[in-house]
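Trainee: I should like to go through the assignments made for this model and ask what each one rests on.
Mentor: Please put the questions in turn, and each value will be set against its criterion.

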Amino acid sequence: MRKTAAILIAAVAVFATLAVVALDRSEAATSPGELINVVEQGIPAAYGSDSTGIWVSGVGTLSLSPDLALLELGVDTRATNISEANSQASAAMDAMIEALKARGVKDEDIQTSRFSVYPRYEYVEEEVDGVRTGREVLTGYRVRNNATVKLRDLDTVGEVIDEVVTAGGDDVRINGIDFTLEDPKPKMAELRQMAVADAKTKAEHLAELSDVTVGRLIYISEGAAGPSVGGFTSQSYGFPAAARAPAAPFAPSVSGGEVTLTLGVQAGFAIY
């Protein structure tokens with residue numbers, strides 16, 4: 001028993017000695033003076049996991065005058081058979097295209113966006129053997145032919161609409177106008193600069209509110225392949241036959257206003 005107790009006491013003493021040595025080495029590796037130097041030098045505590053740092057979004061925005069109008073137009077015809085409905089739609093669309101070409105619109109700026117043929121049915125009630133029932137009866141067909149047209153002379157958009165409507169007749173439909181920029185890429189550098197500056201400003205403000213200091217940028221990503229173009233709500237015009245007198249054509253007032261280019265970035269900053 002005495003021998004066993006002596007062995008245990010010796011083992012405890014060895015472990016205690018090892019623990020003291022390990023503690024001394026740890027203190028020597030990270031002395032209080034070294035810790036003070038780390039803080040004074042401003043070395044960030046952690047740089048890159050998703051749970052550390054400040055993560056913000058930045059946005060760059062530019063308001064510009066549009067240089068392109070996208071006119072959505074089409075024809076909508078009805079007839080008792082497909083051939084007649086399609087013939088009417090083709091004649092109206094051909095007349096509108098001729099009017100556009102007379103205005104200098106090129107073939108490559110006219111694109112069919114939708115062509116569809118629908119059967120038209122009428123619900124008929126009838127009595128068979130004393131039982132009243134209903135069924136659908138084919139009464140004809142409906143043809144829609146829509147196109148998107150690029151107009152670069154924004155001062156004449158209203159006049160073009162009037163000429164197209166007059167040429168196409170009562171089957172014409174003007175579905176809307178969108179104003180945009182044909183090529184926003186030259187503005188990309190300026191948008192990126194604004195977006196990154198916005199992200200930095202937000203990060204610095206959050207750091208100030210949180211009583212920390214912003215460190216280096218550790219992550220950045222652009223939100224889209226290119227800037228998004230936004231504007232006012234699309235303008236639509238309807239021209240019912242009763243409201244349009246061929247002897248007194250009119251040109252609707254159309255204004256392009258401004259369009260907005262927007263580019264976003266996601267950014268992460270280290271803190272200390």
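The exchange below takes up the elements, the accessibility classes, the salt bridges, the surface patch and the largest pocket.

Trainee: What should be kept in mind about the origin of the coordinates, and how many helices and strands are there?
Mentor: The model is predicted. The chain has five helices and nine strands, and from the N terminus on they follow the order α-α-β-β-α-β-β-α-β-α-β-β-β-β.

Trainee: Why is A207 called buried?
Mentor: The cut-off for buried is under 20% relative accessible area. A207 has 2% relative accessibility, and therefore counts as buried. The residue is part of helix α5, residues 188-210. Its C-alpha atom is separated by 7.9 Å from that of I271, with their positions 64 residues apart along the chain. For the chain of 272 residues, the buried share is 28%.

Trainee: What makes T52 partly exposed?
Mentor: Partly exposed is the class between under 20% and over 50%. T52 stands at 23%, so it falls in that class. T52 belongs to the loop between α2 (32-41) and β1 (54-64). T52 and G268 are 216 residues apart along the chain, while 9.1 Å separates their C-alpha atoms.

Trainee: How do you know that K101 and D107 form a salt bridge?
Mentor: The criterion asks for a side-chain nitrogen of Lys or Arg within 4 Å of a carboxyl oxygen of Asp or Glu. For K101 and D107 the N to O distance is 2.9 Å, so the pair qualifies. As to accessibility, K101 is partly exposed at 37%, whereas D107 is exposed at 51%, since the cut-off is over 50%.

Trainee: What makes the pair of E159 and R103 a link between distant parts of the chain?
Mentor: The salt bridge itself has its closest N and O atoms 2.7 Å apart. E159 lies in helix α4 (residues 157-168) and R103 in the loop between α3 and β3 (110-128), 56 residues apart. Both partners are partly exposed, E159 at 37% and R103 at 34%.

Trainee: Why does the pair of R132 and E125 count as a salt bridge?
Mentor: Its N to O distance is 3.4 Å, which is within 4 Å, and therefore it counts. R132 is exposed, with 57% relative accessibility. Elsewhere, D76, R78, R142 and R144 are joined into one network by salt bridges that share partners. The count by this rule is 12 salt bridges.

Trainee: Why can I82 belong to a nonpolar surface patch?
Mentor: A patch residue needs over 30% relative accessible area and no salt bridge. I82 has 40%, so it passes the area cut-off, and it is classed as partly exposed. Together with F115 and V117 it makes a patch of about 250 Å². I82 is placed in helix α3 (residues 82-102).

Trainee: Which residues line the largest pocket, and what classes do they fall into?
Mentor: The lining consists of R103, G104, V105, K106, D109, K150, L151, R152, D153, T156 and V160. By class there are six charged, three nonpolar and two polar residues. G104 is placed with the polar residues because Gly is counted there. The space in this pocket is about 210 Å³. R103, the partner of E159 in a salt bridge, is one of the lining residues.

Note on methods
Residues numbered from 1 in each chain as written. Predicted model: local features only at pLDDT ≥ 70, side-chain atom pairs only at ≥ 80, totals over all residues. Heavy atoms only, no water. 1 Å grid on protein atoms, 1.4 Å probe; cavity = no way out; pocket = protein on both sides within 12 Å on 5 of 7 lines; lining within 4 Å. Points joined across faces, edges and corners; volume = space filled by probe spheres on them. Patch = residues over 30% accessible without salt bridge, like charges linked within 9 Å, V, L, I, M, F, W, Y side chains within 5 Å. Areas by Shrake-Rupley, 256 points an atom, 1.4 Å probe, with all protein chains shown as cover. Helix = DSSP H or I, 4+ residues; strand = E, 2+ residues; numbered from the N terminus. Buried < 20%, exposed > 50% of the residue type's maximum accessible area, 1.4 Å probe, protein only.
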